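Student: I would like a close look at a single part of this model, followed outward into its surroundings. Could you take me through it in one connected answer?

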Amino acid sequence: MKQEFKIISDFIKKNTRVLDVGCGDGTLMEFLQKNKEIDIRGIEISKVNSQKCVSKGLTVIEGDAEKDLYQFPNSSFDFVILSQTLQAFLNPEIVIQELLRVGKKAIVTVPNFGFWKVRLHLLIKGTMPITKNLPDEWYNTPNIHMCTIKDFYKFCHDRDIKLDKALALHNEKISFINEANLNIKNLSAELGIFLIEK
Amino acid sequence: MNKNINIKNLIIDKPLKLDCGQTINNFPLAYETYGSLNEKKDNAILVFHALTGDQFVSGINPITKKDGWWSYAVGPGKAIDTNKYFVICANVIGGCLGSFGPSNTNSETNKIYGTTFPVITINDMVNAQHNLLEFLKIEKLFAVMGGSMGGMQVLQFVSNFPSKAKIAIPIACTSSHSAQNIAFNELGRQSIMADANWLDGSYANQNKNPDKGLSVARMAAHITYLSKNGLQEKFGRKLQERDDLKFSFDADFQIESYLRYQGSVFVDRFDANSYLYITRAMDYFDLTKEYNGNLSKAFEKTKTKFLVISFTSDWLYPTSENKEIVIALNAIGADVAFVEIESDKGHDSFLLDVPKFLNTLKDYINNSYLKN
């Protein structure tokens, strides 16, 4: 999803320190490195992917974001990115806390389980939704904590986490999410992109 | 042992104050180089060898006539490509392939040093090798790397000379030798010392050699370099050139025969006193303690980019100990990457044909060089 990368890139300022949590094969890291003068690090749980990243010369450590973020000091990064990974954690709440400890700001993107196609799939077919962003079956999905844009919005609100920016993405089109249009965006967007801080 | 054939020797005239308090000078440091230094002098890689290694990293070792100890990784077209990079490796002081060690003759007594040789440390080894940079007219190395004790030297080197290497790759090592590793080293030393031919270390003066003790030391150590699964897969309970058990203490099993062979070839190429000295240096290695319990402080002054590598089946220098280095570096925002490579070849994985390891190493080195 190129558009997602572009939005993330726009959030990030020049000459900053950035951590990509769950950086996969390093595609986003490379994209950001090319487009911004930043010092970027990554952490990735999969052996195959972390070896791919290191092979590219990227500064990535193989590790589990739920266990290994403790080694980064408070506010040691200007931005911490969590791209479409939150739903795969055992304890997303603690991960968000950690992101906001390690980073001055965090960029979190969430596949929206409230998207109308997802709802329709469950309503009509009566089986767990499978979409472009969520391609796995219920029995083998790594995504164990799915949420909606509205869920995440509320999650931040309840914890006094500041939503600096909240964007909805659908068919590569970007729009702003606010209190007033939350229900509509929760139905029409595939992805929510949030810039948050404590 | 020290036949002095094809051995490049640098005589270091600058006095070197050792950690034990003694000062040595005019001592030899044997080294070898591969490839050539480019005009910009930005392609030099200093490789540090492990306990029983030497300066002959690649090609054919002129002493043993066997492949150099890191031939899988270093050579033309290999992970550390000698067509591109200028690779340097020195025999550590305390060693027995040309560098100043216990098998040298003390000019004052005309006797072989033996155990009168000063106890050396990883710090001493690294400080001695640093002289090579000036001699080879290299302002800054592109990389320092090494596995096991070689990795410890990498850590010590960056800590001592924070601006002398662009990247550092410590592999399968630790920042502080564990009790278990000290225990294994002590087992090896006691085995050597229990040999009647050791003669308090003066065997060479009397034309003797503690072959049996050194061989057992090597056998015991060799087990620690492999993994249980690796051993089981390679040897299992296979018998050695026989159909049935012989009800004796012969080498019935292939693993016995293999270990005996490893021990017997080792004594031909290694000096027993060097084994004592080098294992001691490893045991004394505690970079964390050197910085009052805070390993991060060892790297505070460096901008060197690190890649730490461990192996899943390495129980001698396990992933957890390698990760401590990563954690210490992350705590100060240093540039550190880390991967744990899947391999059932144990601690020796870094010396063997482990494609995932070699490919990752190759690509990381080449990409880091491009970003020069």
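**A serine in a loop of chain B**

Tutor: Ser148(B) lies in the loop between β11 (141-147) and α2 (149-160) of chain B. The model is a predicted one, and in it the phi of Ser148(B) is near 60°, a positive value in a residue that is not glycine. Most residues other than glycine have a negative phi. As to its surroundings, Ser148(B) is buried, because 27 other C-beta atoms lie within 10 Å and the cut-off for a buried residue is 20 or more.

A useful companion is found in chain A, where Gln84(A) also has a positive phi without being glycine, its value being near 50°. Gln84(A) belongs to the loop between β4 (77-83) and α5 (92-102) of chain A. Here, however, the residue is partly exposed, because 19 other C-beta atoms lie within 10 Å and a residue counts as partly exposed when the number falls between the limits for buried and exposed.

Going back to chain B, the chain is divided into domain 1 (8-178 + 286-370) and domain 2 (182-278), and the C-alpha centres of these two domains lie 26 Å apart. Their contact takes 27 residues from domain 1 of chain B and 20 residues from domain 2 of chain B. On the side of domain 1 of chain B that touches domain 2 of chain B, the residues divide into 11 nonpolar, 12 polar and four charged.

Another element of chain B to examine is helix α4 (residues 211-225), which has 15 residues and reaches 21 Å from its first C-alpha to its last, close to the 21 Å expected at 1.5 Å a residue. The buried residues of α4(B) include the run from Gly213(B) through Leu214(B), Ser215(B), Val216(B), Ala217(B) and Arg218(B) to Met219(B), and further along Ala221(B), Thr224(B) and Tyr225(B) are buried as well. Among the elements that cover these buried residues of α4(B) are α3 (179-193), α6 (254-269) and α7 (272-284) of chain B.

The last step is the contact between the chains, in which 15 residues of chain A meet 21 residues of chain B. On the side of chain A that touches chain B, the elements giving two or more residues are α3 (47-55) and β3 (60-62) of chain A, and α3(A) gives the most, with five residues. By type, the residues on this side of chain A divide into five nonpolar, seven polar and three charged.

Terms used: Residues are numbered from 1 along each chain as its sequence is written. Chains are lettered from A and ligands numbered from 1 in the order in which they are written. This is a predicted model: local features need pLDDT of at least 70, side-chain atom pairs count only at pLDDT 80 or more; totals for chains, interfaces and linings use all residues. Two residues are in contact if their C-beta atoms, placed from the backbone, lie within 7 Å. Helices (H or I, at least four residues) and strands (E, at least two) are DSSP runs, numbered from the N terminus. Ala, Val, Leu, Ile, Met, Phe, Trp, Tyr, Cys and Pro count as nonpolar, Asp, Glu, Lys and Arg as charged, and the others, Gly among them, as polar. The expected span of a helix is 1.5 Å times one less than its number of residues. A residue is buried if 20 or more other C-beta atoms lie within 10 Å of its own, exposed if 12 or fewer, and partly exposed in between; C-beta atoms are placed from the backbone. Domain bounds come from an automatic or database domain assignment.
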